[in-house]
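Me: Please take a close look at one part of this model for me. I would like to see how its two chains are built and then how they meet.

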Amino acid sequence: MRQGADTGAAVIVIGGGVTGLSAAWWLAREGIDVLVLEAGVIGWGASGRNGGGCSHHHSPLFLEEQRLWPQLDALLGYPTEFQPNRIRIALDERQFQLYRRALENGEHQGFRSEVLDAKQIRELVPYAPEAPYGGYFYHFGGHANPHRTVQAYAWALQDHGARLLQHTAVVDIRLQAGRATHVCTNAGEFACDQLVIAAGAATAPLAARIGVHVPLASARAEMIVTEPLAPMRIGGVDGNGLYGRQTLRGNLAYGGGPHEWVEYEDSQRIRAHSTVLQGSIARRLCQLFPKVAHARVIRSWAGFIENTPDGRPILERLSDPQNVTIATLSSVGFGLSPASGRAIRDLVLEGTCRFADLSTVRLARFAHLEADWQARQGWLPVSA
Amino acid sequence: MSLSGENGYAPDPASVAGKAPPIHAQTDLLVIGAGPAGIAAALAAAEHGVQVTLVDEHPVPLRTMGEEVPLHFGGRMAASLANRNAVLESVLQSHPQLAEASDAGIDVRLGTAVWGLFPQRPTTQWLTGHVAGLADEEQAYLLRFKQVIVAAGRRDMGLAFEGWQLPGVMGASAAYQLACTYEGLQARTAVLLGSSDEALLIGNALQDAGVQIAAIVEQADAAVGATHLLERLSSRGARLFTSHVVQQALGDADGVAAVRLARVDADGRRVAEQFVSLDCDALLLGVAAIPAIELLEASGCAVRFESARGGHVPALDAAQRTSIPFIYAVGDCAGIWSRKSQATAIAAREGVIAGRAAVRALGAPIAPSPADAPVVPDTPARDIAAERVAWVRAAVLHAPSDQMICQCEEVSAAEILTLRPPRYLGWGKDLGRHGSAVSAPPGPHPDVVKRLTRAGMGACQGRRCREQITALLALGAGCALDALPLATYRVPVRPLRLDQLAGLPEVPAMAEHWDSWFGMASQWVPFWRAAGEYTAAARSSNEPVASE
C-alpha cells in the first residue's frame, strides 16, 4: 500500500474534534511528533455543535478544567472567547432543587456559589422574568466559543510543529505483535508508535478494527440562535431546562430538550438538521428571558452526539493493543477538552494520568454490558 | 408510527419518541411561491383533483423589508407600503392568476412565509409526516404535506463599495418587486450595476414603471447581455459604462444622491484619476441573479453549482424533483438562464411538469403528455463563476480602501481574507498565517470562515454578503469559485420572532426531561460517588436528573 505524504508520526491522533486536537496540542507542546487525521473538517462533529459550557463539576477532570480555561487563550495564543462564571435561573421549585447540585458538587471541590433571590436575579440578568423562583451564581465554570476554540487548538498545535490532515479518512488500523503500527487512510498509510482514537461516534467502528468493543450510540440534538442583543453583564446565564449562553457578540444561543437516536450510518451520510423542536426551545427561552421575546431567531443548528451506555467518558490507554488510547467524552466533551487532552497526553507518554483519577472512566465497567443494551435503554431510532 | 418499543422495552423517555407536536392542518401538495412557476404547478395539480395549498410571502411585513429580508430592499419602500390593505391589493393585481387559483379550489395564503421544511426521514424520523413551518405577520404554525413544490424565486448578489450601506443601494430584484409587485418603489433615477440579460430585463421593466435608468455599469470591457435589451434602455437615455465599477456612493439625508464610477483595466485595477459622477437616488445591484435555494438546501436537498442554471441549484431530475423525492424545485430557484428570464412560459412549464409529477406521486394516474417533456437549460454563453469573481476583484479587492463586506456583523474584506477574529474580542493580531488550518483542498471552507470572522452570521442571514465572501475566498486561494463548497443554510430561513416560534403547540410529554440532557442519572453522578460496573438492567431510572 502507498505510504502517506510523510511516513508517519510518533503519535497519530484519529479525530479532529476538541478532544483529539487538545491531545495533539498537549503532546506537540513537548516536542512530540504528532499527526492528526480528520475524516472531514475539524470541529464538524459534536465539537462544533454544543453550547460552549465549561462547568463540569461531576467529572474527575473538573479541577483541571477550571484551572486551565482562564489561561487557555494565553497558552494557545489564540482566542477562545472564554468567559468565567455561570448563573442558572430556576422558574419553579423542582428546577431550584435540581440546580442546587452544582452548588453542592462545587462546594465539595472548594468552589463557591451563591443562592440568588428574584431581586438579585433581576439585577444580574436584565432579560430575566420579573418573578423568577430563584437561582444560583456559580463562581466557577463559564463558557467559550466552540468554533473559535477548535480552531485555536488546531493553530496552536501546528505552531508547535504538529501536523493536521483534513479530508483524510481512516479505513483501517494495522496491528503487529500486539501494537497498532499503521493507520491506513484514503491518502495512504501512516506508521505510528502510539495511537489515539478520539473520533466521536466513529471511535466504535475504528476500535472494532483492532478487536476492541466500545459501546456507543448516536443521537441528534438542536439549538437556536437569535439576532445579537445588548450584551448582559454576565453572558453565562441559563436554566429553565436550557443550556447555552449569550455570546460576546450578543446572540442568545440555547439548546435543550429531547434528543433523537439515530443509526450511526445515517449520521455519516446525512447532515444533522434541526426540526420543529426549535419551537419548544424558543418557548422555554421566552420564559427564561421574557423581556426579549421579540428578538428574532436567525438560525438553528443540530448535531450528532455519541454516548456511552452510562453517559460517562471512556478515557483509557488500552492494555491490548497496549499503544492505543481510546477517548470519547460521551456527549459532554467541549468544556472538558483542555483537561481531557492533557489526560490523553499523560496516558500516551506515561501510561497513567498524573492529575486526575480516571478509574471511573475505564472501558472495563462495561465488561458485563448486555448485547442488547441499546434496546433495553430505548436508545433506538424512531421507526417510521 | 410505532415507537422503538416493539422489542418489549420502552423507548428512551428523554428522547423525542412520541413527542411530535400536534399538527392540525394538512395538505396533499404544498406550493411555495406564487410566481409564474408556482401558480402553474398549483393549477396543474388542482386540475387533477389534488388538494393544493399555495403560499406566498408577499406582501412581506414592512418591518421585515427593513431588515433586508427576503431581498435587499435598501430602505426604498414608499410610504404607501405602510397601508397593508392597499399593498395586498397591489400584490393581488400583480398576480392575476391568483384569482384563478382560488376559483380552482386552491387554498391560497398570501403574506405567509415558509421558514423551514422538515422532511420525515432517517435522523429526523420523530415527526408525524413531512412538515412545513409557516408564519404570517402574527403567528407561526405547522402544516403537514405529502409533496412540496418550491418556487422561491431569486435574490441579488451583493457587492461592496464605499457607501454601499446607504439607503438606495439595493438589489435589482428588490427594486423590481417594489416597483412592479408593490407599486411602491421610492426612486426616480437609478444606476444599474451589471449588464446581464437578467439585469437589463429588470432595467427595462423599471423604466416602464417610470424609473429613469441613468446608466448601466459593467466591469467587463463589453456589456454581457443581449443587444436588443441594451438598446431599448439606451434609446431611453441610459448610458453604458463598460470597464467601470463603483468608486463610491455619495449620500445625503435621503440616502444615495450620486455615484462616482471608476475606470478599471483588464485586471480589474483602477485606472488613475478616471472618474465619472452621476446623480441618482438608487443604485441597483444586478451583477448576478441568485437562485433562492435556502429552503431547499436547509431541508437537505443536494445542491451543486451549475453554470447553465445560474449558480448553486438543487440537483434535479427530468421531473424537477430534488434528491429528496417529494421535494421539487421550479422557476428561478431551480435555475436562472437568459431565455427563462425573458419568457415566463419556461418557468410555468417547469411548474406544470412538477405539478403533474406530484399528482402521480400522490397516486393519481395521469397519462403521459407533451407537457411532461423536461425543461433543459441552454448551454451557458459565459462563465458566470468567473464573471462573479471578476466583479468582486474589481469592485472589492482592488478598491482603494478595505470594504465592509458583511454589513450586519461589520466584517471587511481584509478581515475575511486574514481570518481576523471579530473586533469585539479586541484581538489585535492577524491569524491568517495559518490559513492552512482552515483550508482543505481546494481552498478555505466558507462555513469555517464564517464561524471565525462572523461574516454572514448577521440578522440578514448572509443575504447581502454570501456570494461576495465565496468569490473573495476564491480570489484569496487562487481557485475557481465553483470549486469551493457552499456555506450551509439554516432554518429559520426567514428571521422569526422568538415569541412566534414559541407559540408552536406541544404535546404534554414534551414538558418532561428538559433538565436531564440524556436522562441518565449515571452520567451526572459525581465521580467520587460513581458506581463500578454498569449494565442496562441495573441502571437507575426514575430519579430526578440534572444535567450540567
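Reply: Start with chain A, keeping in mind that this is a predicted model. Chain A has twelve helices and 17 strands. Its C-alpha trace spans about 65 × 50 × 40 Å along the principal axes. The radius of gyration is 21 Å, and a compact globule of 384 residues would have one near 21 Å, so the two agree. Of those 384 residues, 65% count as buried. Take the contacts in chain A between residues at least 6 apart in sequence: 74% of them join residues at least 24 apart.

Now chain B. Here there are 17 helices and 24 strands. The C-alpha atoms fill a box of roughly 80 × 65 × 45 Å, taken along the principal axes. For 548 residues, the compact-globule value would be near 24 Å; chain B has a radius of gyration of 25 Å, which agrees. Buried residues make up 57% of the 548 in chain B. Among its contacts with a separation of 6 or more, 69% come from residues 24 or more positions apart.

One sheet of chain B deserves a closer look. It is an open sheet of five strands, ordered E8-E15-E9-E10-E11 (chain B), and the pairing is parallel. Strand E8 (169-171) and strand E11 (239-241) of chain B stand at the edges. Each has a single partner strand, so one side of each is left without a neighbour in the sheet. On average, neighbouring strands of this sheet are turned by 25° against each other, direction ignored.

At the E8(B) edge, the partner is strand E15 (residues 282-285) of chain B, joined to E8(B) by three bridges in a parallel run. Val169(B) has Leu283(B) in E15(B) as its bridge partner. Two helices pack here. Helix H5 (residues 172-181) of chain B lies across E8, strand E9 (189-193) and E15 of chain B, at about 85° to E8(B). Helix H6 (residues 197-208) of chain B also packs on the sheet. H6(B) touches E9 and strand E10 (212-217) of chain B, and its direction makes about 165° with that of E10(B).

Chain B also holds a helix pair. Helix H1 (residues 36-46) and helix H10 (residues 344-361) of chain B pack at an angle of about 35°, with axes 7 Å apart. The crossing of H1(B) past H10(B) is right-handed. From H1(B), the residues that meet H10(B) include Pro36(B), Gly38(B), Ile39(B) and Ala42(B). On the H10(B) side, they include Thr344(B), Glu350(B), Gly351(B), Arg356(B) and Val359(B). The residues of this contact divide into 14 nonpolar, four polar and two charged.

Finally, the contact between the chains. Chain B gives 79 residues and chain A gives 89 residues. On the side of chain B that touches chain A, the elements giving two or more residues are strand E5 (130-135), helix H13 (435-438), helix H14 (446-453), strand E24 (496-497), helix H16 (498-501) and helix H17 (521-524) of chain B. That side of chain B divides into 50 nonpolar, 18 polar and eleven charged residues.

Strand pairing also crosses between the chains. Strands of a sheet pair through backbone hydrogen bonds, either parallel or antiparallel. Here, strand E15 (residues 296-307) of chain A and E24(B) run antiparallel, joined by two bridges. Val297(A) has Leu496(B) in E24(B) as its bridge partner.

Conventions
Residues are numbered from 1 along each chain as its sequence is written. Chains are lettered from A and ligands numbered from 1 in the order in which they are written. This is a predicted model: local features need pLDDT of at least 70, side-chain atom pairs count only at pLDDT 80 or more; totals for chains, interfaces and linings use all residues. Two residues are in contact if their C-beta atoms, placed from the backbone, lie within 7 Å. Helices (H or I, at least four residues) and strands (E, at least two) are DSSP runs, numbered from the N terminus. Ala, Val, Leu, Ile, Met, Phe, Trp, Tyr, Cys and Pro count as nonpolar, Asp, Glu, Lys and Arg as charged, and the others, Gly among them, as polar. Two strands pair if DSSP finds at least two bridges between them. The radius of gyration is taken over C-alpha atoms; the globule rule is 2.2 Å times the number of residues to the power 0.38. A residue is buried if 20 or more other C-beta atoms lie within 10 Å of its own, exposed if 12 or fewer, and partly exposed in between; C-beta atoms are placed from the backbone. Axes are lines fitted to C-alpha atoms, for helices over the stretch in contact, and angles run from 0 to 180 degrees between N-to-C directions. A crossing is left-handed if the near helix is turned anticlockwise from the far one by less than a right angle, and right-handed if clockwise.
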